[in-house]
Amino acid sequence: MSSSSSSSSSSSSLSGSSAAPHPLAPYGWDAGWESEFAPYAAQGLVPGRVARVDRGQCDVITADGTVRADTEFVTPRDPLKVVCTGDWVAVDADGADPRYVQTYLPRRTSFVRSTSSKRSEGQILAANIDHSIIAVSLAAELDLARIERFLALGWESGGQPVVVLTKADLVPDAVTLGHLVEDVETAAPGVQVLPVSATSGDGVDVLAAVVSGGTSVLLGQSGAGKSTLANALAGADVMEVQAIRDVDGKGRHTTTTRNLVPLPGGGVLIDTPGLRGVGLWDAESGVGQVFSEIEELASRCRFHDCAHGAEPGCAVLDAVETGVLPERRLDSYRKLIRENQRIVAKTDVRARAEMRRQWRLRGAEGRAALDAKRGRLR
């Protein structure tokens with residue numbers, strides 16, 4: 001077969017016939033991804049979506065099934081640029097041994113947090129997501145500040161956040177449950193808050209309808225019931241479930257890697273390990289959306305750079321004094337703004353240091369080239 005006919009065949013297999021959808025359509029493949037992939041199709045590479053990454057390899061869902069591929073070419077030093085669950089990749093065609101992921105397509109969205117290390121690096125948890133499902137257990141006291149932190153990252157990711165109050169069967173009184181939902185709604189303006197019980201099935205169908213139109217990442221602390229919820233949405237025991245401790249309502253890390261699971265009602269779900277630390281990562285706009293009422297109040301302050309501390313004519317402080325704005329919300333807002341500013345400052349310092357290193361390297365290379373030229377002239 002000639003190279004032109006091979007390329008034509010590859011392109012045809014990508015497009016599929018007009019009568020049948022592409023085999024990867026249930027995983028989110030669309031005309032946009034196909035257009036992005038066209039140059040790699042011409043090289044004979046195969047498209048696929050990363051379902052799991054571990055130990056230098058990953059599982060890639062292709063039109064011909066799931067394949068195991070090496071990630072050597074997509075593991076740069078920058079932790080934000082490593083291949084991740086949810087990425088669309090170009091992988092070697094069948095017959096290559098071993099098969100490598102050659103590259104991944106530019107991400108539309110990504111959920112990123114700051115690592116717990118003192119180096120303040122970002123860590124990407126999921127790529128190309130449409131919804132960030134924040135699971136919060138009703139088996140423990142609500143931590144609204146933590147929910148706000150998750151929401152800031154969820155908004156910043158580019159996906160639509162959804163708060164799911166799991167284990168709703170533990171709150172049988174409808175009035176009490178309603179109050180809990182209202183409390184979370186005050187901390188999550190513009191976000192749908194759904195009480196769900198994976199045990200009884202209540203609310204699962206509503207959540208399934210919400211996430212059926214794309215890719216969702218499931219986030220939360222250990223013991224939040226993420227794996228049980230994932231099983232309920234998938235309609236099968238795709239995730240191992242462990243009992244939580246009675247003492248503090250916390251569970252062990254059932255999920256140890258990020259996994260992509262297709263849902264019977266449409267869409268795909270990325271389950272993640274329980275997150276102990278949820279550090280912000282350049283999430284200024286996300287924080288602004290979580291505290292949209294404070295941002296709106298701030299626009300009425302007498303001074304455009306008002307810090308909402310003791311300035312005269314501060315609309316934010318006036319709202320706190322009159323009871324319009326809960327003081328807890330303002331305290332949480334201040335904390336997240338300060339944290340994000342520290343992260344951005346550290347990132348800028350590292351970026352400048354890397355730029356200086358590159359300039360020194362180029363300078364050394366330039367001097368070496370000049371010395372070599374002078375040697376030839378002699």
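Buried means under 20% relative accessible area, exposed over 50%, and partly exposed in between, with a 1.4 Å probe and protein chains only. Helices (H or I, at least four residues) and strands (E, at least two) are DSSP runs, numbered from the N terminus.

This is a predicted model, in which local features need pLDDT of at least 70 and side-chain atom pairs count only at pLDDT 80 or more, while totals for chains, interfaces and linings use all residues. Residues are numbered from 1 along each chain as its sequence is written, and side-chain values use heavy atoms, with hydrogens and water left out.

**Exercise 1. Find the buried residues of helix H2 (residues 31–42) and say how they are placed around the axis.**

Step 1. Begin with the length: H2 has 12 residues and reaches 16 Å from its first C-alpha to its last, close to the 16 Å expected at 1.5 Å a residue. The expected span is 1.5 Å times one less than the number of residues.

Step 2. Now pick out the covered positions: Trp-33, Glu-34, Phe-37 and Ala-41 are buried in H2. They cover an arc of only 90 degrees around the axis, so they sit on the same side of H2. The arc is that of the directions from the helix axis to the C-beta atoms. An α-helix has 3.6 residues a turn, so residues three or four places apart point the same way.

Step 3. Turn to the other side of H2, where Ser-35 and Ala-42 are exposed.

Step 4. Finish with the ends. Asp-30 caps the N-terminal end of H2, with a side-chain oxygen 3.0 Å from the backbone nitrogen of Gly-32. Just after H2, Gly-44 takes a positive phi of about 85 degrees.

**Exercise 2. Describe the sheet that has the order E3-E2-E1-E4-E5, and place H2 on its strands.**

Step 1. This is an open sheet of five strands with antiparallel pairing; two strands pair if DSSP finds at least two bridges between them. Strand E3 (65–70) and strand E5 (101–104) are at the edges, each with a single partner strand, so one side of each has no neighbour in the sheet. From one strand to the next the twist averages 45 degrees.

Step 2. Look at strand E4 (residues 88–91), which pairs with E5 in the antiparallel sense over three bridges. Here Val-91 stands opposite Val-101 in E5, and Val-89 stands opposite Tyr-104 in E5. Four bridges join E1 to E4, again antiparallel, and Pro-47 stands opposite Ala-90 in E4.

Step 3. Follow the side chains of E4: Trp-88 and Ala-90 point one way, Val-89 and Val-91 the other, and all are buried. In a regular strand the side chains alternate between the two faces of the sheet.

Step 4. Add the helix: H2 lies across strand E1 (46–54), E4 and E5, running at about 25 degrees to E4. Such angles run from 0 to 180 degrees between N-to-C directions, and the axes are lines fitted to C-alpha atoms, for helices over the stretch in contact. Contact means heavy atoms within 4.5 Å.

**Exercise 3. Which strands does helix H3 (residues 144–157) lie across, and how many of its residues are buried?**

Step 1. Set out the sheet first: six strands form an open sheet in the order E10-E9-E8-E11-E13-E12, with mixed pairing. Its edge strands are E10 (192–195) and E12 (259–262), each pairing on one side only.

Step 2. Take one pair from it: strand E11 (residues 215–219) and strand E13 (residues 268–271) pair in the parallel sense over four bridges. Val-217 stands opposite Ile-270 in E13.

Step 3. Place the helix: H3 lies across strand E8 (131–137), strand E9 (160–166) and E11, at about 150 degrees to E9.

Step 4. Count the covered residues: 11 of the 14 residues of H3 are buried, among them Phe-150, Leu-151 and Trp-155. Just after H3, Gly-158 takes a positive phi of about 100 degrees.

**Exercise 4. Is Glu-339 buried or exposed, and what does its side chain contact?**

Step 1. Locate Glu-339 in helix H10 (residues 327–377). Glu-339 is buried, with a relative accessible area of 14%.

Step 2. Its side chain makes a polar contact with the side chain of Arg-149 (2.8 Å). A polar contact is a pair of N or O atoms within 3.5 Å; within protein, one must be able to donate a hydrogen and the other to accept it, and residues adjacent in sequence count only if both atoms are side-chain atoms.

Step 3. Arg-149 is itself one of the buried residues of H3.
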